[in-house]
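Here are my notes on the model you passed along, set out as numbered points. Please read them beside the sequence and the coordinates.

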Amino acid sequence: MTERLQPQSGEVIDRSTPLPFVWNGKECTGYVGDTIASAIMANGHRIFARSMKYHRPRGLLTADFWDPNAFVQVDDDPNVRSGHRLLEVGVTVSPQNVWPSLDVDVKAANQLVGRFLSPGFYYKTFIHPQKLWPAYEKVLSTFAPGGEVDIETPLAYHDKRYTHPDVVVAGGGPAGMAAALAAAEAGASVLLVEHEHGLGGHLRWGSDEERAVAADLEAKVRAAGVEVLTDSTVTGRYEDNWVGIVQRSHPIAVERLIKARAKTLVVAAGLIERPYVFAGNDRPGVMLSGAVRRLINLYAVKPGERAVVFSANDSGDASVADLERAGVEIAAVVDGRTTGNVIATHGSQKAIKSVELSGGRTVEADLLVTAVGWTAPTSLLNMAGDRPVYDPAVARFFPSGTPDNVLVTGGLAGDGTLDQLIEHGSATGSLAAGRAVAIAHRLQAATVRAAAVEGAEPDLAADVRTPLGRDPHPELFRSTTHGIVDYSEDVGSKDLVSAAKEGYDSVELLKRYTTATMGPAQGKLETVNTVAVLAEARGETIAEVGTTIWRPPYAPITLGALAGRIFEPERVSSIHPWHVANGAKPILAGQWIRPEHYGDPAGEVTNVRTNVGIIDVTPLGKLVLDGPDVPKLLNLLYTNSWNKLDVGSVRYGLMCAEDGVVMDDGVTGRLSENRWLMTTTSSGAGSVWEWAENWLQTAHPDWEVFVTPVTTAYTSINVAGPKSRELMSRLTDIDLDPDAFGYMKVRTGEIAGVDDCIMWRIGFTGELSYELHVPAGYGLHVWEALLEAGADLGVAPFGLEAQRIMRIEKGHFIVGQDTDGLTKAPTTGLQPLIKLDKDDFVGKPELTWAMEQDLPVLVSVKMTDKTIVPPEASQIVRPGTNEILGRITSSRYSPTLGESIGLAQVPPELASAGSELTVVLTSGERTTAVVQEHHAHFDPEGARLRV
Amino acid sequence: MLLVPCPHCGPRNQSDLRLVGATVPRPDPNATTPEEWGDYLYLRDNPADWIEETWYCRAGCRRYFTLTRHQGTNEFRNPPMPGDKVGTATYTTISVGSSGSQPGANIEPHTTGGAS
Amino acid sequence: MAGIFRRNGAGDAPARYSAPQLARKGLTGEEWPRVWRDHEIKPAYDVIIIGGGVHGLATAYYLATNHGITNVAVLDKGYLGGGGSGRNTAIVRSNYLTPEGVAFYDRSLSLYNSMAADLNINVMFSERGHLTLAHTDSALRTMHWRAEVNKLQGIDSSVIDPDEVKKLAPSLDVSTHPRYPILGALYHPPGGIIRHDAVVWGYARGADHRGVHLHQKTEVLDILVEGGDGPGGKGAGGKVTGVRTNKGDISAPIVVNCTAGWGSLISNMAGVKLPINTHPLEAAVTEPVKVFLPTVVVSGSLHVYVSQTDRGELVFGASVDPLATYSMRGSLSFTEELAGHILELMPGISKMRLLRQWAGLCDMTPDYSPIMGFTPVEGHLTDVGWGTYGFKAGPVSGEQMAECIATNTTPKLIAPFALERFSTGQLVGEKGAAAVGH
């Protein structure tokens with residue numbers, strides 16, 4: 001059965017290109033230009049879905065993007081709006097929300113119990129026993145509406161675009177096109193965004209004359225250089241005219257998010273036709289006038305055989321003519337502007353057989369067309385701060401006031417003849433362009449470097465547009481019977497009335513209680529009827545009841561489009577390719593990918609302790625500090641003193657925040673009189689830089705210090721082990737004699753033929769070691785030179801894990817692991833580094849008090865059972881109880897000592913050497929640990945690193 | 001996406017900057033009391049009104065500066081010119097959002113602004 | 001103090017909600033009685049509670065139920081549950097980091113567990129399990145920390161490996177190639193989601209039927225205080241005498257601030273300054289699809305949490321906006337970051353569509369913990385500063401605040417949350433707990 005009409009003068013289908021597809025398991029054919037819905041209708045199918053709660057059969061209602069009855073699954077794409085999505089060849093289209101099938105749906109039995117499914121049904125039952133709710137919930141969740149997500153769906157290519165047009169016009173109807181044209185002619189750059197597949201708005205399905213006007217306007221718009229996006233929607237207007245646009249028509253990306261910083265935004269979104277509430281208003285065959293006009297004029301689809309038209313406006317009147325031309329018999333035309341009314345439809349579940357009219361008349365028909373008025377989709381205006389006001393004479397809301405950079409035209413602003421609408425649009429476009437000039441000037445002048453902007457700021461053009469009129473329209477929301485208000489949520493006017501009587505009688509409470517307006521159309525079809533029914537129930541006016549605030553986005557956006565390409569940076573050092581080639585196991589540390597080990601971390605430890613090892617420590621944060629006042633800055637940021645650090649020496653520093661909590665630590669060396677190199681923890685590199693700048697710029701702008709971040713300008717390599725001096729001597733002329741270059745000293749010079757290297761002697765691993773900072777371009781070269789030159793010394797790389805083991809063997813803490821968000825400096829045991837006699841430093845008052853307080857103490861521990869390594873974060877409890885006293889902050893098996901060691905935060909009374917700690921393991925079993933005298937388990941005197 | 005009027009770079013997307021917090025004077029560290037210091041650390045004006053606050057242009061000029069913003073409408077008033085006074089040192093313990101650049105943000109149980 | 005409290009005349013017995021009642025009303029067409037009643041505002045009450053969200057309503061409910069104090073008014077400038085109570089993502093859990101936090105939220109969870117029976121309304125508590133993902137070694141360590149603390153408190157909580165994560169939430173990508181690989185997760189089976197509106201309505205209905213007056217669209221313009229050492233007799237040492245509203249003055253010796261988003265502004269009216277900054281917290285929801293995500297999934301590193309309602313929508317939340325503001329306009333960047341992060345975790349859902357976004361206001365304190373109990377102004381109490389955790393704490397906060405008011409002493413469970421802690425430096429250890437979040 002085909003319902004395709006003879007060619008229509010305004011049709012948008014290409015009859016020369018048929019497209020086979022499958023609907024509901026049946027082979028069908030449509031044409032290029034068809035929407036999925038028009039193609040399904042053309043193939044003689046009228047049932048599109050089952051409703052959410054009662055599983056009632058549903059047919060097309062609005063035949064556009066907002067049609068609540070036309071959601072389908074297209075291949076792996078759920079919730080496709082078949083009234084909007086264009087048909088593509090070979091797609092498999094399935095109905096949603098049906099079980100087991102569209103034609104026979106078992107859940108339709110819900111209708112039989114519909115009288116019990118009152119609003120708030122779920123709140124009032126399944127209460128006892130609460131333990132059974134999960135079981136009910138499991139069953140109920142199978143009633144969830146919507147399509148199915150295939151979680152294996154591949155992530156397709158998405159992209160985003162930024163644009164900075166002078167004017168964005170939302171809506172490409174006659175007023176929007178006229179606005180775009182006028183703005184462009186005034187010299188503005190203009191982006192015109194149209195939700196539908198073509199420009200023209202309601203003219204697209206209008207008369208030949210109307211379409212000619214649209215075509216003429218479109219030609220001018222395109223000739224004027226306006227950028228036109230169709231099948232795209234302005235989804236949101238955010239602060240400072242940051243405009244979100246979803247482009248569904250991008251040739252490559254599935255959907256593209258466009259972010260426009262518009263100087264002015266023109267909202268010409270038009271009006272959305274509103275359904276009418278009466279008994280049987282969701283029976284297939286009830287359609288809005290816009291739906292039948294689209295079906296006939298754009299897609300040449302015959303919507304029915306015998307129609308009743310209930311018309312209260314031009315659109316309804318025009319649909320009568322369209323229907324007649326399409327060969328649909330007009331059984332009756334009921335005029336809503338007089339006393340005519342529709343009471344009910346009657347028929348089967350799946351089709352109308354007759355329509356009951358006011359005055360007791362019943363007319364046989366299979367199609368009922370309603371044209372009862374318009375909803376103003378004020379979403380973008382709401383987002384701009386506008387609170388639209390209801391006008392009962394016109395039966396819709398109008399804007400009450402928008403910011404200077406948001407202008408309204410078209411149906412949202414008022415009514416008029418086509419010429420008047422175009423004239424208003426044109427005036428709006430000129431105004432938008434004029435304001436854009438003033439706003440551009442203001443923005444540019446706000447930038448001092450560009451202050452050369454010519455002339456004084458132009459006055460913001462005044463709004464001297466002739467306002468559009470308002471055509472009277474009857475208030476037609478609900479007939480004398482009850483019907484569906486929210487089709488997607490299956491909420492009826494009766495439900496709303498009873499919920500209001502129950503006390504949910506403000507629009508927000510009503511919405512939450514009944515879920516009316518919460519569905520996929522987000523109230524575009526339902527809000528005004530909901531408010532009207534509530535007003536009626538309360539005996540108030542719509543203005544008194546008020547309306548809900550429409551939330552963004554205006555139209556839904558796929559998560560893929562919102563995400564775009566995902567830019568999550570990863571950082572690697574210049575030696576990374578070597579690590580990969582040599583079997584390093586990668587580990588993610590902040591943004592950095594680092595070698596955790598090269599196969600045998602314990603062996604790497606032993607090699608460092610006996611021969612020499614090298615580790616890539618490039619992520620170490622590095623800042624070059626220049627200027628005569630660097631010691632002042634260091635004295636301020638660190639708790640210890642920096643007055644007497646000679647050129648050529650380095651010192652460890654501990655950094656706290658103003659609340660005394662440990663923030664960072666690291667080594668800083670004085671390279672020359674006025675140049676210093678500061679190192680920070682890897683994760684602190686960025687924040688310490690900002691911290692230093694904050695103090696310099698806000699508290700001490702008079703200090704002469706210049707901070708340059710150089711973390712990735714240098715590749716950093718630690719050369720550690722008893723044979724490290726021998727190894728380094730083969731690659732540098734720097735005098736390595738312990739008397740010439742002692743522990744905690746720094747030298748600069750040439751290493752492996754590379755100039756401008758920095759080398760200092762420190763000892764995180766506890767061995768004689770040299771930390772090299774070499775220009776990053778030569779990092780890999782120096783690394784390879786070290787391996788080559790030290791082959792006979794047993795040189796081998798070591799990774800993060802070996803370093804962690806060695807630092808625990810040495811009792812060094814790591815900020816953020818052994819300390820936490822409340823750990824103040826004295827806990828670390830570094831009291832000698834807290835110089836309270838300094839005039840000032842960050843956190844000084846707090847640390848002065850903290851020194852007197854009983855704070856937790858960081859101690860080194862050994863397990864009584866040498867083989868048990870308690871996981872880090874294992875809790876320390878009072879014996880025989882679950883009272884938490886502290887925790888193991890770090891733990892490893894030490895290959896050097898052959899036993900399990902760690903660090904722990906404990907209360908002061910358990911901090912003395914020999915104290916026994918009860919440690920709870922993951923299994924719940926308890927073991928004991930013993931507090932050690934020194935932080936360092938290995939070489940506590942530090943003899944090995946001072947050689 | 002708010003436009004923040006950086007005095008050096010001009011209006012920039014909010015994501016280019018970091019709000020450090022309301023400006024507060026730092027008490028004399030050698031003469032302060034725990035109460036006064038506690039107020040300095042934790043107490044900030046929070047009106048639905050104009051407020052002076054420090055911003056940091058982290059993706060642009062890397063300068064700290066003071067702006068006056070309305071906490072109800074997010075409107076900025078009288079953007080400063082370079083050379084105008086900048087905020088006194090400010091300290092914000094509330095590490096919020098995903099900026100991740102709050103001092104101490106690397107300290108583990110302090111890494112994310114809370115959420116539900 | 002208890003002597004000053006009077007009972008309001010209790011209303012008619014509430015209509016019981018039950019299946020037989022539903023059936024009867026379905027058959028007879030009889031209407032349900034009003035869920036709560038409208039009253040004239042009385043010139044004086046014993047207790048005025050500002051804020052008709054879950055905290056204010058629960059406080060009123062427990063004052064009436066546990067302490068027989070019913071001459072109580074709850075004032076809300078909008079409608080009941082229109083603030084944070086109606087804007088949150090309704091996740092409840094008790095797997096916090098410190099023993100104090102665990103004890104507090106565990107009490108809340110147990111009140112949620114018995115709520116349906118206590119309030120005779122189905123709050124649809126779905127105990128579906130709560131997963132907090134770890135993407136780094138350090139995050140995994142924190143998960144272990146929380147699990148160990150939880151276990152010692154008798155809370156069901158453990159760290160599970162990626163394979164187990166995959167079994168619980170098949171849509172998660174547990175392979176090693178994502179930028180944020182899933183190394184494991186903290187699994188908390190008793191955590192779940194609840195119908196937030198039902199909690200609000202349940203407490204409102206319960207309070208109403210015990211005689212509490214609920215006044216919607218009643219905005220407090222000032223708190224009346226005399227004898228204080230600040231301007232206008234407000235501030236420390238003062239004594240509350242009532243409130244000024246858009247509908248006139250109301251006397252009361254006790255005025256409790258149970259607001260969120262406006263917490264510091266309200267207490268400022270009494271001359272009490274609170275260490276609060278107000279930040280928006282945004283959330284969003286997708287179109288419904290058939291249920292595929294059975295648990296609550298949280299990623300602290302990616303600042304995202306997600307659950308799927310019985311209606312099939314995915315409900316997303318994130319961390320608070322960095323901009324301190326009272327503006328509740330949603331932002332585009334929030335949805336962009338959210339989508340990017342969620343697709344990092346579940347790449348298969350890229351064709352799902354975001355339907356609606358909204359924002360609420362969070363009062364953030366320096367240690368992510370609330371400010372509860374007495375203030376330097378006699379008769380002015382606060383239950384504010386909940387940051388992003390207010391909803392889950394609603395029942396226990398109401399219970400404890402009611403006890404605080406009725407006994408005029410601070411209950412042990414809320415003692416750590418006193419306002420004084422900010423001048424004595426005794427910040428709550430939940431600074432850590434809250435920070436690892438969700």
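**Notes on the chain C and chain A interface and on selected strands**

1. Between chain C and chain A about 8700 Å² is buried, and carbon and sulfur atoms give 56% of that area; buried area here is the accessible area (1.4 Å probe) that two parts lose on being put together, summed over both. The model is a predicted one, in which local features need pLDDT of at least 70 and side-chain atom pairs count only at pLDDT 80 or more, while totals for chains, interfaces and linings use all residues. Residues are numbered from 1 along each chain as its sequence is written, chains are lettered from A and ligands numbered from 1 in the order in which they are written, and side-chain values use heavy atoms, with hydrogens and water left out.

2. In terms of contact (heavy atoms within 4.5 Å), 91 residues of chain C touch 100 residues of chain A. By class, the chain C side of this interface has 43 nonpolar, 25 polar and 23 charged residues, where Ala, Val, Leu, Ile, Met, Phe, Trp, Tyr, Cys and Pro count as nonpolar, Asp, Glu, Lys and Arg as charged, and the others, Gly among them, as polar.

3. The rule finds 10 salt bridges across the interface of chain C and chain A, a salt bridge being a side-chain nitrogen of Lys or Arg within 4 Å of a carboxyl oxygen of Asp or Glu. Asp197(C) and Arg512(A) meet through their side chains in a salt bridge, at 3.0 Å from N to O.

4. The elements that give two or more residues to the chain C side include α8 (196–209), α10 (332–345) and β17 (353–364) of chain C; helices (H or I, at least four residues) and strands (E, at least two) are DSSP runs, numbered from the N terminus. The most comes from α10(C), with 9 residues.

5. Strand β30 (residues 557–558) of chain A runs antiparallel to β17(C) and is joined to it by 2 bridges, with Ile557(A) opposite Leu354(C). Two strands pair if DSSP finds at least two bridges between them.

6. Within chain A, strand β5 (residues 71–74) is covered on both faces, since Phe71(A) and Gln73(A) on one side and Val72(A) and Val74(A) on the other are all buried, that is, under 20% relative accessible area (exposed being over 50%, partly exposed in between; 1.4 Å probe, protein chains only). β5(A) pairs antiparallel with strand β6 (residues 77–81) of chain A over 3 bridges, and 3 bridges also join β5(A) to the antiparallel strand β7 (residues 92–95) of chain A. Val72(A) stands opposite Val80(A) in β6(A), and its bridge partner in β7(A) is Pro95(A).
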